[in-house]
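Please take a walk through the model shown below, beginning with a single pair of residues and moving outward from there.

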Number of protein chains: 4
Amino acid sequence: MKYHLIISCPDRMGIVAAVSSFVASHHGLILEADQYVDGEGKNFFMRYEIDLAASKLAYETFHKKFEGIASEFNMNWSLVDAERKKKVVVFVSKHGHCLEDLLYRWQSGELACDIQLVISNHNDLKERVEWYGIPFLHIPLHEGGKAEHFKMIGDKVSSLNPDLLILARYMQILPKDLCDQYESKIINIHHSFLPSFVGAKPYHQAYDKGVKLIGATAHFVTQELDQGPIIAQDVIEVSHRESLEDYVKLGKDIEKKVLISAVKQYLDDRILIQGHKTIVFK
Amino acid sequence: MKYHLIISCPDRMGIVAAVSSFVASHHGLILEADQYVDGEGKNFFMRYEIDLAASKLAYETFHKKFEGIASEFNMNWSLVDAERKKKVVVFVSKHGHCLEDLLYRWQSGELACDIQLVISNHNDLKERVEWYGIPFLHIPLHEGGKAEHFKMIGDKVSSLNPDLLILARYMQILPKDLCDQYESKIINIHHSFLPSFVGAKPYHQAYDKGVKLIGATAHFVTQELDQGPIIAQDVIEVSHRESLEDYVKLGKDIEKKVLISAVKQYLDDRILIQGHKTIVFK
Amino acid sequence: MKYHLIISCPDRMGIVAAVSSFVASHHGLILEADQYVDGEGKNFFMRYEIDLAASKLAYETFHKKFEGIASEFNMNWSLVDAERKKKVVVFVSKHGHCLEDLLYRWQSGELACDIQLVISNHNDLKERVEWYGIPFLHIPLHEGGKAEHFKMIGDKVSSLNPDLLILARYMQILPKDLCDQYESKIINIHHSFLPSFVGAKPYHQAYDKGVKLIGATAHFVTQELDQGPIIAQDVIEVSHRESLEDYVKLGKDIEKKVLISAVKQYLDDRILIQGHKTIVFK
Amino acid sequence: MKYHLIISCPDRMGIVAAVSSFVASHHGLILEADQYVDGEGKNFFMRYEIDLAASKLAYETFHKKFEGIASEFNMNWSLVDAERKKKVVVFVSKHGHCLEDLLYRWQSGELACDIQLVISNHNDLKERVEWYGIPFLHIPLHEGGKAEHFKMIGDKVSSLNPDLLILARYMQILPKDLCDQYESKIINIHHSFLPSFVGAKPYHQAYDKGVKLIGATAHFVTQELDQGPIIAQDVIEVSHRESLEDYVKLGKDIEKKVLISAVKQYLDDRILIQGHKTIVFK
């Protein structure tokens, strides 16, 4: 019986003592602990991995009993059953590298989640996805039918009730209502080092600018294009020798690396959103 | 007798043969060779390090004799006496870390140049500079006197006729005429990963944005602020744990690294400007 | 008609002139050029990518005509038809990550080669390999039958006449005669930063030692275990928090990255062996 | 009133609760907390940064009151007054780059310590050290007089009673008794990626081996040469183009980076030694 306890609240004395005493009083072991005090706003953030095998304290009981402390310290908090696999829906277009990386790691046991469905506006990656034993849903995007298209997607996703939506080089802009409905639950990989090169064709933009490093950014999706809270970023060196095609090829490896890192942190309940920024406990 | 021969011209057959045969016919050894064909514009770029000790071919003779080939292939070219130390003027404000790194490496023999003068609008770094045996010129910036201030600077620099001006965290915007006069000869270090966070307080901007990497960019100075051709860039990882003050501290190491890299390439005639981008032969 | 011309010879004046004039005289374009003079032994190394579409100079003709120059400068040289795909045999055991990375990149068009066969002493990866349309040969290793085992492997490989053998986490030590027969044609990925942690269980060794970075090394296979010329290496940071299992997991990404880099350089004729070291033209 | 509380003990329930309740009961704020459970040995490690300004709990009082908890949980522990600057003695030979980096950062306020003395067997760096206002002691190493030499050093160091001895490219092997006397208090920078290339001339060894990355290692000094617990390591890429002299030059930057990192962690009480390995809380 393992739980992740995620807390944010105004900082004051005694928070750690209260929480850790609560855990100890239920014979819990703290397997991993992270905490952080925001220097400016004086906010306190905490993530505990707790083993309650000794007392077999059930989720609901834990939740109920902890409410007193949570209320005393004015906490935003969540308790996560670490043994329940999160449900994930992946969105792709035609570029398969990020999806493939997710699927292979998932199959190898590296990603503890349940990939419910892959949705695409193209049919190219169907065979690959189904080889992994995962359902693939092709919803073509007909001209003029954007609203209907996303209505179908929304309904399908809604029926699955996923914990996480991954846009693995999806290339489509999600409509406002989907962004809102799954706020803080949609991770996108953008192929630039944001905030540089927002929007379409970021490698082209980077090439035209003559930067000496190209990058990728995993971020939560909000209504504002490529402006959501950043979770992970990385870069790779380029020189004048690389063509635009080389940028695209080299970039793939960075995209995969950054996306998988963000997804892992999410599945492990390590990401807290604070305003338009993230706290990522590693 | 070592020369650097730098060439750019439209690509066509026989350029390498013509140039290398010229070198061989004068008993020259090609110590290092770099060439590059721009895929799009079909331009050819080349940098040779040539040892002409065997024939003692003088600079002027080389220059004159090579003109025929240069004209045949429609070359933009320059021949540099690799044994002549380039003359450098450094501009600083109050932040000494980049300057210190330049001076220490210069003293250690790592930077083959002649640092003629350090110019500053503050007096803070005077003692340090003079300890290295380098003249320090304090030109205070009086209110309302910007034009006069830069007139004094321009005159002083003009009298020294330097090959390179380094803005080592200078914090002032050079006037248009200086930018023009020393076009492709002024290297600035900007403390962000350009094109993100142009202008003032880039670490503040990065902190507010919540990026997961902060960076620095060395670029040639043009009239447009922080928009000149990029020479070198690097980044360092940050997380929510780092405060704005930590950004400033961590950033210093990246600034030093990026600036020294750009300066070394420049002193070694490895940088070619092509449009608003650079080719850096390493 | 594209060729790679690879040369090593004692350094002297006129090599570049002779070679580039030869190319020009046959209306060839030098697409890429790399050269390097070994400071100590005074050896000269060169790699040219040449486009001979204009003259349609055939491989045999080129080879024959170039012999005069080669002999004059006492060259070790090879001319490679850049349009012929190299034939590759891959050896694996049970760990599929490096193989998968090779196959996926091969399928995506990133690796220009012809993967003839995957050989394994286990049957685990059969389905995966065959999904890619590549033959999989399972040759079990029976107790006491090592000589016979490798006889079968040797015969099979011999019949395929491959240009490259890749040991993609093969976990077996090749017998002396195979090492000799395919000298400079076998690339192994070793999961440590050599020369540290030679032999079995390098992650265990690294963990016990308490290093702060773990690495991987791609090298040519020679009779001496893990001592062949190193082609590529990379590392990743670890801390006390990572368990041995984490090392294995983290290490996979570095192994893939290093192996693919070495294989790409090999397929592109960029690796020259000089003594027990390599020159890798990038 | 800031303290660092460093604890290691057998893992069991209630440690965090006991310690954090103790802190809370004295109106302390936990500014930073790190803890770690060693998966194998079931040991618990913790580092707290505590602000006791509210209760003005004196060091001795804290120490005395905490003894009960420490004894109950069988702790190895130390309480450090975070406002007391640690006393440091630096040893150098002729290579000044690591020393210079330490001194410049110290002067810039980046290293919170009191550099009492620089000791060297050469006189080369005297002027530089004294420019920073730090005493420099030249103790030449006369032939045959090693024992006496180190007796003088030992006496001098003993009189200063430093918290940390830094061997900043000292090039001498400390005698057994000094290693023992200052166990876990001497940090050395070795210019290789240990355990590769132990002992003399590691860059030569790396060059001969043909590795593709060179590195540096900061470690605690024990009697066994270059075998003490590793604190920090880093590497930099090299290729066939770099000469041995280039290795030395490139290596300097890595040496500085790794040494400064280790020293900072030490001064901040972030390093715990566990057997022959380190735990470094970042």
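In this predicted model, a convenient place to begin is D:I6, which stands opposite D:R47 in β3(D). That pair belongs to a longer register, in which strand β1 (residues 2-10) of chain D and strand β3 (residues 43-51) of chain D run antiparallel and are joined by nine bridges. Strand β3(D) also pairs with β2(D), again in the antiparallel sense and over nine bridges, and within that pairing D:Y36 stands opposite D:F45 in β3(D).

From these strands the path leads to the neighbouring copy. The contact between chain D and chain A takes 16 residues from chain D and 16 residues from chain A. On the side of chain D that touches chain A, the elements that give two or more residues are α1 (15-25) and β2 (29-38) of chain D, so that β2(D), already met as a partner of β3(D), returns here as a contributor to the contact. The residues on this side of chain D divide into 10 nonpolar, six polar and no charged.

How are the two copies related to each other? In general, two copies of a chain are related by a rotation about an axis and a shift along it. Here a turn of 180° and a shift of 0.0 Å along the axis lay chain D on chain A with an RMSD of 0.0 Å, which is the relation of a two-fold axis. Within chain D, the C-alpha nearest that axis belongs to D:A17, at 2.8 Å from it. Both copies use the same surface, since 100% of the contact residues of chain D recur in chain A.

The helical part of this contact can be described in its own right. The axes of helix α1 (residues 15-25) of chain A and of α1(D) come within 8 Å and cross at roughly 150°; because an angle over 145 degrees counts as roughly antiparallel, α1(A) is roughly antiparallel to α1(D). The crossing of these two helices is left-handed. From α1(A), the residues A:V16, A:A17, A:S20, A:S21, A:V23 and A:A24 meet D:V16, D:A17, D:S20, D:S21, D:V23 and D:A24 of α1(D), and the residues of this contact divide into eight nonpolar, four polar and no charged.

A second helix pair, this one within chain B, offers another packing geometry. Helix α7 (residues 202-209) of chain B packs with helix α8 (residues 244-267) of chain B at an angle of about 125°, their axes lying 10 Å apart, and the two are therefore oblique to each other. Helix α7(B) passes α8(B) in a right-handed crossing. The contact is formed by B:Y203, B:H204, B:A206 and B:Y207 on the α7(B) side and by B:L244, B:Y247, B:V248 and B:G251 on the α8(B) side; these residues divide into six nonpolar, two polar and no charged.

The last stop is a sheet in chain C, where seven strands form an open sheet of mixed pairing in the order β7-β6-β5-β8-β9-β10-β11. Strands β7 (136-138) and β11 (230-237) of chain C stand at the edges with a single partner strand each, so one side of each is left without a neighbour in the sheet. From one strand to the next, the twist averages 20°. Within this sheet, strand β5 (residues 86-92) of chain C and strand β6 (residues 113-120) of chain C pair in the parallel sense over seven bridges, and C:V92 stands opposite C:S120 in β6(C).

Definitions and conventions: Residues are numbered from 1 along each chain as its sequence is written. Chains are lettered from A and ligands numbered from 1 in the order in which they are written. This is a predicted model: local features need pLDDT of at least 70, side-chain atom pairs count only at pLDDT 80 or more; totals for chains, interfaces and linings use all residues. Two strands pair if DSSP finds at least two bridges between them. Helices (H or I, at least four residues) and strands (E, at least two) are DSSP runs, numbered from the N terminus. Axes are lines fitted to C-alpha atoms, for helices over the stretch in contact, and angles run from 0 to 180 degrees between N-to-C directions. Angles under 35 degrees count as roughly parallel, over 145 as roughly antiparallel, 65 to 115 as roughly perpendicular and the rest as oblique. A crossing is left-handed if the near helix is turned anticlockwise from the far one by less than a right angle, and right-handed if clockwise. Two residues are in contact if their C-beta atoms, placed from the backbone, lie within 7 Å. Ala, Val, Leu, Ile, Met, Phe, Trp, Tyr, Cys and Pro count as nonpolar, Asp, Glu, Lys and Arg as charged, and the others, Gly among them, as polar. Copies are superposed by least squares on the C-alpha atoms of residues with pLDDT of at least 70 in both.
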